[in-house]
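Trainee: Please take me through a close look at one part of this model. Build up to it from the whole, and tell me how far to trust what I see.

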Amino acid sequence: MTDPFDRLDRRDRDELRFDEELRRATRTLISEELPRGVLDPSVGAALGLRAGNGTVRARRALSGFTSLAGAVAVLLLATAVVLAPGSPSGPAASPTTSPSPTAAPSPTGAPSPTPPSGLRTTAEIRADLVKLRYTCSDGLPLSTIEPGPDAVVRESVVCVAPADSGPLDAAVIVGESASGQVVEVHAKADIVGADTPEARDAVAAVLAKAAAVAAQKGASSTLATWVLGNVPSLALDEGTSTELLGLGLKLGRSPNGGYLLSVHLPLA
Amino acid sequence: MRRQVWWVEAIEPALRPISGREDVDLDSAFASARPRLVRIAASLVGHDAAEDVVQDTYLTARARLGQLRDPSALEAWLARICVHRSFRIRRRGRRLQELLAVVPFARSTPAASGRVELHELVENLPPRDRAVVVLQHGYGYTLAEVAELVGISHANARQISSRTRARLLQQWREAEA
């Protein structure tokens, strides 16, 4: 009969041997040490990570997520993927610079059947952006200012436009409420290089695509048309907003020239 | 409704330009660091996913270059991003694993060789678990440091580490028996 203490000792020894084996086994997988300074707080801070407790620092939506996007590719994609058949042929669509009625007519002028409302789910938005070769990653919790059912409590996904071409940086960030409902979608675009009409058209296409991807099917064209019509004429430090098919849209251009679009549910 | 700029101004501090830094040549630095980053990623998530991780590292670095305060810390910063992205590559890996689950592989299994090697068990861990175990036991970081590196709470890191160690220990004992 084995003494229980002997068994315990053997078990402890076993675990010690296992830990040593585990250390040796994991060492065999390593062929490059991490450089010095990898844990410096300043390095972590530059990643949005906070030193100390290891938790991820909540970021304000839209900070620090941009990448190159191809103007031509985006224009084509915006036309082919986002804009439904029958939509206007391009950015020359008549701008809507004043507040629009809640239920706007469809771009073709035909009455809209059952006006769709709301924003799509994070998974749906992400899937479509991935189809457009966006690089998406999970978002982070946000510190909300005002608690409430419509408050954005987390960025559910952050998608950066493809980096292979184009005179602009662009990113899309989806915001969810505590219940998991998408309540806000932001799209940011910065022109890289000269601020030309072509570059502004490319920005318009990217933002229009973001608006269309965010909205429920049937509302996409209306939202995209509004964006396409408003972006090219937007001057520095200007903004405009409207409500279409039950969704709020805010479009602005910062003094630095960056464009920002917000598509959101109306406040409760 | 023009000149409605209040909301733009409210978020403008968060929208400061993040590209166009002239004091850092990211592309050159990245090209030089790339082989090392691939090796770091390979140790954490395996060779198959390492390239994906390094690609993500470049995209993240490019997008956040403006947030790098000390240009001399560029290499450490890239390595930090690489570790962070290694831990976050789980979702993509899981989808791939789901797809690959139906494919009958003729890979050499521990049973085929007659004896399980612990490093094989580690290599077969899900990427998140593997990253934590390799950082802790291989690189020798404390759990607090591991948590810091991958951007999770200390409690979460401890949970992953403890759960993974227990699983490995059980498999190891079964193989030893």
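Mentor: Start with a definition: helices are DSSP runs of H or I with at least four residues, strands are runs of E with at least two, and both are numbered from the N terminus. Counted that way, chain A has six helices and eight strands. Keep in mind that this is a predicted model.

Read chain A from its N terminus, and the order is α-α-β-α-α-β-β-β-β-α-α-β-β-β. The chain has 268 residues, and 44% of them count as buried. Take the contacts in chain A with a separation of 6 or more: 63% of them come from residues 24 or more positions apart.

Now trust. The mean pLDDT of chain A is 70, and 62% of the residues score at least 70. Strand β1 (residues 68–69) of chain A has the lowest confidence in the chain, with a mean of 32, while helix α4 (residues 122–131) of chain A has the highest, at 90. Residues 50–115 of chain A fall below a pLDDT of 50, yet the model gives this stretch 168 contacts beyond near neighbours in sequence. Where pLDDT is low, the predicted coordinates should not be read in detail.

So to our part: the stretch that follows α4. The loop between α4 and β2 of chain A holds A:R133. Its phi is positive, near 70 degrees, and A:R133 is not a glycine. Is A:R133 buried, exposed or partly exposed? Buried takes 20 or more other C-beta atoms within 10 Å, and exposed takes 12 or fewer. A:R133 has 15 such neighbours, so it counts as partly exposed.

Next comes strand β2 (residues 135–138) of chain A. Look at its two faces. A:T135 and A:S137 make up the covered face, and A:C136 and A:D138 the uncovered one. β2(A) pairs with strand β3 (residues 154–160) of chain A; the sense is antiparallel, with four bridges. At one of these, A:T135 has A:V160 in β3(A) as its bridge partner. A:T135 therefore appears twice in this picture: on the covered face of β2(A), and in a bridge to β3(A).

Set A:R133 beside another loop residue. A:L245 sits in the loop between β6 (238–244) and β7 (247–253) of chain A. Phi of A:L245 is positive too, near 50 degrees, again in a residue other than glycine. A:L245, however, is buried: 23 other C-beta atoms lie within 10 Å.

Last, glance at chain B. What does it hold by way of helices and strands? It has ten helices and zero strands. Its 177 residues are 39% buried. Helix α9 (residues 143–150) of chain B has six of its eight residues buried, so the rest of the structure largely encloses it. Among those buried are B:L143 and B:V150. After α9(B) comes B:G151, with a positive phi near 80 degrees.

Finish with a helix pair. Helix α8 (residues 127–138) of chain B and helix α10 (residues 154–176) of chain B have axes that come within 9 Å and cross at roughly 95 degrees. That crossing makes α8(B) roughly perpendicular to α10(B). Where they meet, α8(B) brings residues including B:V132 and B:V133, and α10(B) brings residues including B:A157 and B:I160. The contact has four nonpolar, three polar and two charged residues.

How values were computed: Residues are numbered from 1 along each chain as its sequence is written. Chains are lettered from A and ligands numbered from 1 in the order in which they are written. This is a predicted model: local features need pLDDT of at least 70, side-chain atom pairs count only at pLDDT 80 or more; totals for chains, interfaces and linings use all residues. Axes are lines fitted to C-alpha atoms, for helices over the stretch in contact, and angles run from 0 to 180 degrees between N-to-C directions. Angles under 35 degrees count as roughly parallel, over 145 as roughly antiparallel, 65 to 115 as roughly perpendicular and the rest as oblique. Two residues are in contact if their C-beta atoms, placed from the backbone, lie within 7 Å. Ala, Val, Leu, Ile, Met, Phe, Trp, Tyr, Cys and Pro count as nonpolar, Asp, Glu, Lys and Arg as charged, and the others, Gly among them, as polar. Two strands pair if DSSP finds at least two bridges between them. pLDDT is the predictor's confidence in each residue, from 0 to 100.
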